[in-house]
Amino acid sequence: MSSTSSNAVTNKMKEIFSQWGVPEEIMSDNGPQFSSEQFHKFSQDFKHFSASPCYLQPNSEAESGACIAKKILTQPYTFLALMSYRATPHTHTANDGKRKSHPSTYIASNLTQVLPSQEATTTRKDEETKIIYCGHFDKRHGVQTLPDPPPGDPVPVKLELQKV
């Protein structure tokens, strides 16, 4: 086991700890980078538990976390997926004890951008503007709304070439 791998792990953990704080405990597999003397010295401020990679039951949280991380990293907008995941309540963060649906099952649908139809929006705005313009024209020219003629009354019609 080279100390380079152990250095990389501790440096990455220091970076994470500087941003999020030192956790109370960490669970990892029995990888050589986690069993080195350097990591043992580094882990004095927190409890380090390791689980056998072949016996997955005690390591299920780590395996689940790795699965979630892989799904988030495969999204087209990784940072948006990460923000969505962090904003979603989970069983390990929820206090009510209810099982929450797993966010990785609906992350893709949450990140799909839905834009309003430009044609529908433009048509609606155009209709609203025409109604406003008609109202201004009618007001300016003193247009009056006439009642409909009763059925059977003659309606005079002026032809185009006819004089009044």
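# Contacts and exposure in a predicted model

User: The side chains of Lys12 and Glu15 are said to form a salt bridge. What makes this pair a salt bridge?

Analyst: In this predicted model, the N to O distance between the side chains of Lys12 and Glu15 is 3.7 Å. The cut-off is a Lys or Arg side-chain nitrogen within 4 Å of a carboxyl oxygen of Asp or Glu, so the pair qualifies. Both residues belong to helix α1 (residues 3–20), where, being three residues apart, they are separated by about one helical turn.

User: Why is Lys12 called partly exposed?

Analyst: The relative accessibility of Lys12 is 46%. Buried requires under 20% and exposed over 50%, so a value in between is called partly exposed. Glu15, at 48%, is partly exposed as well.

User: How many salt bridges does the structure hold, and which residues in helix α6 take part?

Analyst: The structure holds three salt bridges. Besides Lys12 with Glu15, Arg124 pairs with Glu128, their closest N and O atoms being 3.2 Å apart, and Lys130 pairs with Asp126 at 3.5 Å. Within helix α6 (residues 118–141), Arg124 and Glu128 are four residues apart, about one helical turn. Lys130 and Asp126 are likewise four residues apart in helix α6.

User: What accessibility do the residues of these helix α6 bridges have?

Analyst: Arg124 has a relative accessibility of 43% and Glu128 one of 38%. For Lys130 the value is 45%, and for Asp126 it is 37%. Each is partly exposed, because the class lies between 20% and 50%.

User: Why is the ring pair of Phe39 and Phe42 called tilted?

Analyst: The structure holds three aromatic pairs. In one of them, the rings of Phe39 and Phe42 have centres 6.0 Å apart and planes at 45 degrees. Centres within 6.5 Å count as a pair, and planes neither under 30 nor over 60 degrees apart count as tilted, so this pair is tilted. The two residues are three apart in helix α2 (residues 37–42), separated by about one helical turn.

User: What makes the pair of Phe42 and Phe46 edge-to-face?

Analyst: Phe42 and Phe46 have ring centres 5.9 Å apart and planes at 75 degrees. The angle is over 60 degrees, so the pair is edge-to-face. Ring pairs link Phe39, Phe42 and Phe46 into a cluster.

User: How do you know whether the residues of this cluster are buried or exposed?

Analyst: Phe39 has a relative accessible area of 1%, Phe42 one of 18% and Phe46 one of 7%. These values are under 20%, so the three residues are buried. Across the chain, buried residues make up 18% of the 164 residues.

User: Which residues form a nonpolar patch on the surface, and what makes Leu80 eligible for it?

Analyst: Tyr77, Leu80 and Met83 form the patch, with about 330 Å² of accessible area together. Leu80, in helix α4 (residues 78–87), has a relative accessible area of 38%. Patch residues need over 30% and no salt bridge, so Leu80 meets the accessibility requirement.

User: How many disulfides does the structure hold, and how accessible are Cys67 and Cys134?

Analyst: The structure holds zero disulfides, so no pair of cysteine sulfur atoms lies within 2.5 Å. Cys67 is partly exposed at 39%, and Cys134 is partly exposed at 46%.

Conventions:
Residues numbered from 1 in each chain as written. Predicted model: local features only at pLDDT ≥ 70, side-chain atom pairs only at ≥ 80, totals over all residues. Heavy atoms only, no water. Buried < 20%, exposed > 50% of the residue type's maximum accessible area, 1.4 Å probe, protein only. Patch = residues over 30% accessible without salt bridge, like charges linked within 9 Å, V, L, I, M, F, W, Y side chains within 5 Å. Areas by Shrake-Rupley, 256 points an atom, 1.4 Å probe, with all protein chains shown as cover.
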